[in-house]
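Welcome! Take a moment to turn the model around on your screen, and then let us walk through it together.

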Amino acid sequence: MGITRREFVAQMGAGAAIIVGVPTLPTLPTPPTDRSQKWLILPSQPCIRVIGVGGAGTLVLDRMAGIGHAGIDLITVDTDAQNLRFRRAAVKLHIGEAVPRGLCGGGGRVEYGRGAAEESRERVHAVLEGADVVVVVAGLGGGTGTGAAPVVAEVARRLGALTLGVVSLPFEFEGQRRRRQAANGVRELADRLDTTVVVPSRALVPPADSNILLSHALERVDELMLQATQSLTVPLVQPGLINIGFSDYRELFNQSGPALVAAAVSDGEHRARGAAQALLEHPVLDGVDLRCASAALVTIATGMGDDDLTIGEIDEISTVLYDRLREAMVVLTNVQDPTLGRGCRVTLTALGLDKVLGPDPALC
Ligand SMILES: Nc1nc2c(ncn2[C@@H]2O[C@H](COP(=O)(O)OP(=O)(O)OP(=O)(O)O)[C@@H](O)[C@H]2O)c(=O)[nH]1
Ligand SMILES: [Mg+2]
């Protein structure tokens with residue numbers, strides 16, 4: 001049996017715990033048969049679970065946990081028990097205990113990550129059961145994320161969840177072996193995910209920027225993976241005035257294939273147009289013909305959400321972006337992000353980019 005929302009909330013309240021077995025779950029009460037009793041019918045909200053796999057995936061989830069989005073369940077999965085110990089997600093799943101080297105990660109070996117996830121399939125199943133949407137987050141190139149993420153995606157898909165991925169590709173300097181492993185990983189994931197958002201790390205550090213510290217470069221990757229994960233999930237749990245219903249959402253992401261994400265922030269008088277224009281200059285979109293996108297999700301975030309976004313600003317953003325997206329089906333959403341103050345952030349997830357990214361991801 002899977003984990004209910006109630007159990008997630010209980011886990012959060014009690015502080016995070018490493019799950020070592022399939023949990024026993026509380027059973028929900030049956031509806032009253034006596035007509036004198038009344039049930040309060042609340043609009044049902046889809047169950048969204050974000051699952052970070054391996055070192056990079058679990059770090060991105062830490063950032064999400066720091067923001068604290070109500071209604072999104074966070075799960076971290078790793079072969080590295082030490083890493084899990086420091087992560088903040090409500091549910092932590094240590095995989096591969098029975099595989100030799102069980103406590104300290106996969107050491108870059110994809111077979112190890114895959115074997116660990118296979119051995120723990122039942123527990124992965126238990127933490128994902130009941131989810132309507134599963135977002136798998138991982139840095140590709142290493143052992144655990146690359147090996148285990150496809151197994152996690154397969155479990156989620158078999159459970160009938162809309163299964164999305166946010167994955168990073170390695171930097172150039174990480175070497176050919178990691179890049180090859182990542183390229184294989186993307187191919188394996190593509191067969192199991194409805195939509196795979198790819199974050200090409202090396203595009204985030206253009207040659208002119210080579211003096212950047214490694215830690216800052218990694219932060220850029222973390223940040224874009226976070227924006228991607230948020231834009232796939234937050235509009236569903238925090239509806240703004242420009243809303244997306246679950247059926248539209250499902251249609252948008254169902255078997256949409258490879259995707260790219262870019263985000264930009266601007267403030268001042270023309271913050272909306274400024275953010276949209278900066279977004280199109282994002283290095284990830286350099287050389288990408290957005291006319292190839294079959295669809296796109298545009299998320300507009302402002303400090304006060306609905307109380308802080310004008311029709312004129314929405315118009316400005318759509319005018320700038322529609323010009324580049326042309327025929328794509330575009331869905332607009334807006335969310336609140338108090339950290340933006342008076343600023344405005346626009347995030348674009350361009351879907352169906354088979355011609356740009358597959359089948360051999362040239363960006364690896
Ligand atoms: N965004 C981000 N990416 C990282 C970070 N560290 C490593 N990566 C990227 O993610 C890839 C996989 O690294 P990890 O996630 O550490 O590896 P793992 O999946 O835990 O695999 P093993 O440790 O080998 O079992 C690397 O090749 C890097 O490209 C980080 O701090 N942030
Ligand atoms: Mg690791």
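In which strand is V133 found? Look for β5, which covers residues 133-139, and you will find V133 there. Please keep in mind along the way that this is a predicted model.

Let us stay with V133 for a moment. Its relative accessibility is 0%, and because buried means under 20%, V133 counts as buried. Now look for T163, which is 30 residues away from V133 along the chain. In space, the C-alpha atoms of V133 and T163 are separated by 6.0 Å.

You can try the same exercise with G96. This glycine belongs to the loop between β4 (91-94) and α4 (110-119). G96 has 0% relative accessibility, so it counts as buried. Its partner for this exercise is G115: the two are 19 residues apart in sequence, while their C-alpha atoms are 7.2 Å apart in space.

Next, let us visit helix α2, where you will find T58. Is T58 buried or exposed? With 0% relative accessibility, T58 counts as buried. Its side chain has polar contacts to show you. One reaches the backbone oxygen of G55, at 2.8 Å. Another joins the side chain of T58 to the side chain of N83, at 3.0 Å.

Helix α2 also leads us to ligand 1. The helices α2 (54-67), α6 (144-158) and α8 (214-237) each supply at least two residues of the shell around this ligand. There are 21 residues around ligand 1, and those that come nearest are G108, T144, G145, E174 and D222. What mix of classes does the shell have? It holds seven nonpolar, eleven polar and three charged residues.

Now zoom in on the oxygen atoms of the ligand. A backbone N or O atom of A56 is 2.7 Å from an oxygen atom of ligand 1. A polar backbone atom of G145 likewise lies 2.7 Å from an oxygen atom of ligand 1. With R178 it is the side chain that takes part: one of its N or O atoms is 2.8 Å from an oxygen atom of ligand 1. How much of the ligand does the protein cover? On its own, ligand 1 has 640 Å² of accessible area, and the protein covers 82% of that. If you step back to view the pockets, the space taken by ligand 1 is the largest pocket.

Let us turn to the backbone angles. Most residues other than glycine have a negative phi. Against that background, Q255 is worth a look: it is not a glycine, yet its phi is positive, near 50°. You will find Q255 in the loop between α9 (246-253) and β8 (257-266). Because its relative accessible area is 62%, and exposed means over 50%, Q255 is exposed. R326 is another residue with a positive phi, of about 50°, although it is not a glycine. Its place is in the loop between α11 (311-325) and β10 (329-336).

Our last stop is helix α11 itself, where Y322 lies. Why does Y322 count as partly exposed? The reason is its relative accessibility of 39%, since partly exposed is the class between under 20% and over 50%. To finish, find L290, which is 32 residues from Y322 along the chain. The C-alpha atoms of Y322 and L290 are separated by 9.9 Å.

Definitions and conventions. Residues numbered from 1 in each chain as written. Chains lettered and ligands numbered in written order. Predicted model: local features only at pLDDT ≥ 70, side-chain atom pairs only at ≥ 80, totals over all residues. Heavy atoms only, no water. Near = heavy atom within 4 Å. Polar contact = N/O pair within 3.5 Å; in protein donor to acceptor, adjacent residues only side chain to side chain. Areas by Shrake-Rupley, 256 points an atom, 1.4 Å probe, with all protein chains shown as cover. 1 Å grid on protein atoms, 1.4 Å probe; cavity = no way out; pocket = protein on both sides within 12 Å on 5 of 7 lines; lining within 4 Å. Sits in = over half its atoms within 2 Å of the grid points. Helix = DSSP H or I, 4+ residues; strand = E, 2+ residues; numbered from the N terminus. Nonpolar A, V, L, I, M, F, W, Y, C, P; charged D, E, K, R; others polar. Buried < 20%, exposed > 50% of the residue type's maximum accessible area, 1.4 Å probe, protein only.
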